[in-house]
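Biologist: I would like a close look at a single part of this protein, the strand at the start of the chain. Please describe how that part is paired and covered, and then follow its surroundings outward.

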Amino acid sequence: MSIYLNQLGIICALGNGVADVRQALFADAPGGVAPAACLGKTLYLGAVNSGLASQDALPAKLHSRNNALLLTALEQIRPAVDAAIARFGTERIGLVLGTSTSGIGEAQAAIAGYQATGQLAAGFHMAQQELGSPAAALSTLLGLAGPVMVISTACSSSAKAMASAAKLLNAGMCDVVICGGVDSLCDFTVAGFSALESVSAERCLPMSIHRSGINIGEGAALFLMSKEPGPVALLGWGESSDAHHISAPAPDGKGASTAMQEALQRAALQPADIGYINLHGTATSQNDAMESLAVGQLFGSQTPCSSTKPLTGHTLGAAGAIEAAICWLTLSGNPTGQLPPHWWDGASDPAITPLALVKPGQCTDTPLQYALSNSFAFGGSNAVLIFGKNHAAD
């Protein structure tokens, strides 16, 4: 029986809610990522500037920007979540999330205050920065009694969370799983990636010869996943670990290729069946070279591909879920068949494998049936998801 993504809540640099994000995703000009002051200079960041949900219903130790982003995504699907709880009971609802920063921004502010005054701020609690905080926040708010977990494997976190949610459903441990990811901006994260010399001062340029690094972003995406038919199905997933280097991907792309092939096998599909690929596409020198090689070897040079990180920024632990949401928006409620554009300067790098990068305004020649999304992380942690359109839900 298929696994379906029945509901979507999303907030990111492109907007707050499905309608806003959809409009900005397919717009004629790139939005989302924008210049912002950070670390005493101006950087392009995928910041969320809209108001966030109240955290008043949570204990103070669970208050953080990370959890506020998560609650904002939850608000959008809350009626469906409440209906599932009423129908199946709290014991049959699971929760699986991915994150990498959790409440580290609050810890950063608290340490700065301690250095200045010798005391931690009264509102700070160590639990705010625990990686389990997002799951604790949602399970506390909703009163869940089923399996609850957070996966933190850097930039593959929420893609792996979605695969884990599907496994809970297939194992019969849950009737419904709330799954997705969340991550929030802070100076600490930007400084860390800057130390790796992988942060771009301009809007990032995936696959360009001029690419110079990533734009850090933030956001949250939550799905209500079940075996009851919905607009989009999660058909397959693949996971691998190439363990090549703590931060650099294996240049031969074998780990990424293994994950893509496993996802295809689980979905019972061939490479030619995939109509769109959402690339990990970080605009770093090594990732783009590795990913283009792996994708080109498996899918050839004709499958439409794009990186949407020039729009959302790289949302780290939330990236897999946010890019899964972009696939969901592309497969569902998209009657003209628009594809997510690949915004860049058009300057190909002759040293990397050429791909069919989606042009702004480009639409599919035939109705899109299957989409694939790549998420690759530090330590060689790779996760790939394949989605299919449920035409019966139209």
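Modeller: In this predicted model, strand β1 and strand β9 (residues 232–241) are antiparallel and are joined by three bridges. One pair in that contact is Tyr 4 of β1 with Ala 233 of β9. β1 also pairs with strand β8 (residues 219–226), again in the antiparallel sense, through eight bridges. Within that pairing, Ile 10 faces Ala 221 of β8. A third antiparallel partner is strand β2 (residues 15–16), to which β1 is joined by two bridges. Here Cys 12 has Gly 15 as its bridge partner, and two residues make the link of the hairpin between β1 and β2.

As for cover, β1 spans residues 3–12, and nine of its 10 residues are buried, so the strand is largely enclosed by the rest of the structure. The term buried stands here for under 20% relative accessible area.

The next step outward is the nonpolar packing. The largest nonpolar core holds 49 residues, and Met 162, Phe 223, Met 225 and Phe 387 have the most contacts inside it. β1 supplies at least two residues of this core, as do its partners β8 and β9; the other elements that do so are α1 (18–25), α5, β7 (176–183), α10 and β14. Helix α10 provides the largest share, nine residues. Apart from this core there is a second, separate one of 28 residues, with Ala 53, Val 81, Leu 138 and Leu 222 among them.

Helix α10 deserves a few words, given its share of the core. It covers residues 319–331, and its 13 residues reach 18 Å from the first C-alpha to the last, close to the 18 Å expected at 1.5 Å a residue. Of these 13 residues, 13 are buried. After the helix comes Gly 333, with a positive phi near 65°.

β14 is another contributor to the largest core. This strand (residues 381–389) runs antiparallel to β13, and eight bridges join the two. Leu 372 has Ile 386 of β14 as its bridge partner. The two strands form a hairpin with three residues between them, and Gly 379 in the turn has a positive phi of about 75°. Strand β13 is itself mostly covered, with seven of its eight residues buried. Besides β14, β13 pairs with β10, this time in the parallel sense and over three bridges. Asn 278 stands across from Ser 373 of β13 in this arrangement.

β13 leads on to the pockets. The largest pocket has a volume of about 460 Å³. Its lining comprises 27 residues, and Ser 247, Ala 248, Pro 249, Thr 284 and Phe 378 lie nearest its centre. β13 (370–377) gives two or more residues to this lining, as do α7 (254–267) and α8 (285–299). The element that gives the most is α8, with four residues. Sorted by class, the lining has 12 nonpolar, 13 polar and two charged residues.

The second largest pocket encloses about 230 Å³ of space. It is lined by 14 residues, of which Ser 100, Thr 101, Thr 189, Phe 193 and Leu 316 are the closest to its centre. Helix α6 (residues 187–195) gives the most to that lining, with four residues. The classes there are nine nonpolar and five polar residues, with no charged ones.

Two backbone angles remain, both in loops beside elements named above or next to them. Most residues other than glycine have a negative phi. Ala 154 is not a glycine, yet its phi is positive, about 60°; this residue lies in the loop between β6 (148–151) and α5 (157–170). Ala 268 likewise has a positive phi of about 60° without being a glycine. Its place is the loop between α7 and β10 (276–278). With a relative accessibility of 68%, Ala 268 counts as exposed, because the cut-off for that term is over 50%.

To return to the strand asked about: β1 pairs antiparallel with β9, with β8 and with β2, and nine of its 10 residues are buried.

Terms used. Residues are numbered from 1 along each chain as its sequence is written. This is a predicted model: local features need pLDDT of at least 70, side-chain atom pairs count only at pLDDT 80 or more; totals for chains, interfaces and linings use all residues. Side-chain values use heavy atoms; hydrogens and water are left out. The expected span of a helix is 1.5 Å times one less than its number of residues. Buried means under 20% relative accessible area, exposed over 50%, partly exposed in between (1.4 Å probe, protein chains only). Two strands pair if DSSP finds at least two bridges between them. On a 1 Å grid over the protein atoms alone, a cavity is a set of points where a 1.4 Å probe fits but cannot get out, and a pocket is an open set with protein on both sides within 12 Å along at least five of seven lines; lining residues have an atom within 4 Å of a point. Grid points are joined across faces, edges and corners, and a volume is the space filled by probe spheres set on the points. Ala, Val, Leu, Ile, Met, Phe, Trp, Tyr, Cys and Pro count as nonpolar, Asp, Glu, Lys and Arg as charged, and the others, Gly among them, as polar. A nonpolar core is a set of buried Ala, Val, Leu, Ile, Met, Phe, Trp, Tyr and Cys residues joined through side-chain atoms within 4.5 Å.
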